[in-house]
Amino acid sequence: MKSALLDGIVLGLQYGLLGVGLTLIYGLTGVLNLAHGQIAVLGAVVVSLLMGTGLPAVPAILAGLAVSGAVLLALDLSVMRVVYRQEGETRILLGLLLMLGVGFMIDGFLAWRYPIEQLGLRIGGDPISILGVRMSTGSLLASAITIVTGLVLVAFFRLTSLGRGVRSVIQDEMGARLCGVNPAFVRTFVFGLSGVLAGLVAVTRSMTGPIGANNTISFTVLALIVAVVGGLGSVSGAFLAGVLLGVVDRLSSFYIGTYITTIILLVCAALTIVAKPSGLLGRPST
Amino acid sequence: MREPVVVSGAILSVAGLSAGYVGEDVIYDIGFEVDEGEAVTIIGSNGAGKSTLFRAIMSMLTPSAGTVRFDGSDITGLATHRIARLGLAYVPAERHLFPQMSVTENLLLGAFPDRPDPAIQDSVFDVFPRLAERKTQDAGTLSGGEQQMLAVGRALMSKPSLLLLDEPTTGLAPLLAAEAYKALARLRDDGLTLVVAEQQVPLALELASRGYVIDHGRFGLSGPSEELAGNPEVQRAYLGVA
Amino acid sequence: MTAVDERSGRVGPSVGAARVVGQRLAPYLPILVAAALLALIPLRYRDSGSLMGVATEGMLFAAYAVAFNIIFGSTGQLFLCVGALAGVGGFASAIISDRVGLPLLVSIVLAALCSAAIGGLLSWVSVKRALDTIFIGIVTLAFSLSFQNFVLGRRDLTGGETGIFVEAGSDTLLHDRVSPYYVFLALVVGYLVLYRTLQRSRVGWAFRALRDDQLAAELSGVDVSRYRVFAGTLGSAMLGLAGALQAHSGRGFIGPSTYAFGDVDVRVLVMLAFGGIGTLLGPVIGAASLTWLDELLVDYAQLRLVLYGAVIVVLFLGFRRGIVPAITDYVRTRIRR
């Protein structure tokens, strides 16, 4: 029970980070990135391939994250331009369908070229006991990286000029323009950031289990669930929902069984939408 | 093009400006100049084209004709955020604050992308002490009057050389409106160049040294404030004098 | 149509009656033509079991696409659970007939009702809570994936990963080589007639008003929410029916990928996008084209998903309304010239 709880928190922090990337892009542009998991796994596969050539882990990981970020960044600068010219429902629908298409392309590409390529980062060292629960070094390192990243993100959004600029565009794009913020730049930046975060989640997940082409859809779905429960567009909501759902995930697979777990998470998302579409911490839609 | 374009000392000069929405102009052939340190008002009723004029100046919509020069350079069609960074600040009637950010954060964004100047923030709090009391409160929870103060304060944070204000008294009770104008007068006295679009004509004419009347998208009367205040047409249309 | 109008002054009373019938049937003429053409396909491929299988699957997907077109194309409800609703029909019918032992026809009808109930509920909830497109999409996607997990998890009912062979129907013409094709063709024709009839009814008028402008539709007294739920329920029943028939036909095998999101919804979406959302024959043309393309690329199966993705991106970027409207427009401008 205690270990399931702790496991859930570790997992949940990573879920949260996965959701943040999705929620940021949606809040900013109304584009629901249904290729989020694919982009994450793409990064992990790149890391695995590079490490296969003998490159040390750290530069390989940095390169993988760069690829994940670059793919989304490139999408913002190309295909998404068409989406930004639309308004309202049309924009949302077009963004969602285009990203679905992009997701299939990446999925197909991975299944075609690298069907069995998997990233599994084995972190050496003996398990360490925390609160009476023995945790593997891999999962501790993964949590540490995730927590640090989360804190850096919070600091970035609160304390830096660019971070505040991002939030300003999410809340009132015209107001942001009048303050001298360039929304197009913010969008490109956030797409890149979201890609890097997605890649990072795939990399940290690989510290506790292998990540490959068959993880894409489940990553996307998790990101979606987390973002919805936290409130689309809310960064802190995504983290809260991530931890909450991580705990629900571990507890239900501990007590009930694995196939029910995903269903429970999905039902959580569906119920959130039906009960309070703005999510835990989201603002009511305007 | 009533006036020939001359390179003058004017900080803002608008010439032959026409603009509108979906192919239909709302303002036609607008031309005027504002000198440094001046307070100018543009008076007109609802829908006369005041907001459209400001939006066209700020490139929030693309003019169909005409030019806008600011501080000696042509800014027609320049991206809105670039215009803002040049020191032309605009406070729209809808304010466009960031509702889920604190008062302080809203002010800090006013200085974007530069590092906010604490001295300027202090001077904003000096003009609007209410904002200092509400520093940590989210902008969305402020009252209408406080939101207006914040909108002006945020614009001031960029050290603008010209401030455009669209109906700063929208939604304010008469007492608060008078108070808002007192603050604006103080800014004017400190040397800030102001252009105020207003329906509350008495307040605006008191603040500004001269004004223009806009009606159905065209400039009509113009002149020193006292002259406009004494004009029977203005009195009948905007001052409620029978 | 114009030719008939020009002649209208000269026609006698008996011809007039024929004309009325003709006018009534005219809107259904494209369906007749399409059905006649599609009916010819087995003449060429009847000797090959595998090609007939492909063609039959093409018809199945055409049925899915027409049903989805009623839900999404007509009332803008983004149901990302086409496969799941069909799967509910398929597995329900298999369970009802094989486990409970009810007659085949009864179980198929009950299965379709199950799908209708679920789809109707999804539609009703989204209307009641006034959900945006994006939230309808997420809720239905959540249902889709839950169903997928259910299928994988409840081995006792669904066979889990290995799937199940459905007994019922194995002694009917659904297990022939050629006849299933005609069964599904008949289903598609029926769906198309239904779609056209709906389009021409008051309901269809409401649908169109809805698509153009929800507010205007509401102001003109059309009960928008009722028609949404109606379309959601009807379309889901149609999906369930097609899915159930699928379970009993061919080899009689259904597994987790038979109705999976990645295998059904993706293709239906591409078919509809390709053919043209909200058009009569678009879904059928889309289904036929994509089935043909699939068969061409049969040796590059892994590339298929890449291609689907690319088709979605290109279609939505370039021809947002699909091929049929694009061609219609082109022909129209040509004729005017």
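These are my notebook entries on how chain A meets chains C and B, with a stop at one threonine.

**Entry 1: the model**

I reminded myself at the start that this is a predicted model.

**Entry 2: chain A against chain C**

I began by asking how many residues of chain A are in contact with chain C. I found 35 residues of chain A touching 33 residues of chain C. Next I looked up the buried area, since the size of an interface is often given as the accessible area lost when the parts come together. Between chain A and chain C this comes to about 3300 Å², with carbon and sulfur atoms giving 82% of it. On the chain A side, the residues that lose the most area to chain C are A:Leu97, A:Phe104 and A:Tyr259, together 19% of what that side buries.

Which helices of chain A each bring at least two residues to this side? I noted α4 (79-84), α5 (88-113), α10 (216-230) and α12 (258-275). Helix α5(A) gives the largest share, 17 residues. I then sorted the residues of this side by kind: 29 are nonpolar, four polar and two charged.

I also looked for salt bridges between chain A and chain C, and the count is zero. Polar contacts do turn up across this interface, as two residue pairs.

**Entry 3: a stop at A:Thr216**

I picked A:Thr216, which sits in helix α10 of chain A. Is it buried or exposed? A:Thr216 counts as buried because its relative accessibility is 2%, and the cut-off for buried is under 20%. Its side chain reaches the backbone oxygen of A:Ala213 at 3.3 Å. Leaving aside neighbours within four places in sequence, I listed its contacts as A:Gly37, A:Gln38, A:Val41, A:Asp107 and A:Leu110.

**Entry 4: chain A against chain B**

Here I found 20 residues of chain A in contact with 21 residues of chain B. The buried area is about 1900 Å², and carbon and sulfur atoms give 62% of it. A:Arg164, A:Leu178 and A:Cys179 supply 33% of the area that chain A buries against chain B, more than any other three residues.

Which residues form the one salt bridge between chain A and chain B? The partners are B:Glu105 and A:Arg167, with their closest N and O atoms 2.7 Å apart. I also noted five residue pairs in polar contact across this interface.

Helices α7 (161-171) and α8 (173-178) of chain A each supply at least two residues to the side touching chain B. The largest share, seven residues, comes from α7(A). Sorted by kind, the residues of this side are seven nonpolar, seven polar and six charged.

Terms used:
Residues are numbered from 1 along each chain as its sequence is written. Chains are lettered from A and ligands numbered from 1 in the order in which they are written. This is a predicted model: local features need pLDDT of at least 70, side-chain atom pairs count only at pLDDT 80 or more; totals for chains, interfaces and linings use all residues. Side-chain values use heavy atoms; hydrogens and water are left out. Contact means heavy atoms within 4.5 Å. Buried area is the accessible area (1.4 Å probe) that two parts lose on being put together, summed over both. A salt bridge is a side-chain nitrogen of Lys or Arg within 4 Å of a carboxyl oxygen of Asp or Glu. A polar contact is a pair of N or O atoms within 3.5 Å; within protein, one must be able to donate a hydrogen and the other to accept it, and residues adjacent in sequence count only if both atoms are side-chain atoms. Helices (H or I, at least four residues) and strands (E, at least two) are DSSP runs, numbered from the N terminus. Ala, Val, Leu, Ile, Met, Phe, Trp, Tyr, Cys and Pro count as nonpolar, Asp, Glu, Lys and Arg as charged, and the others, Gly among them, as polar. Buried means under 20% relative accessible area, exposed over 50%, partly exposed in between (1.4 Å probe, protein chains only).
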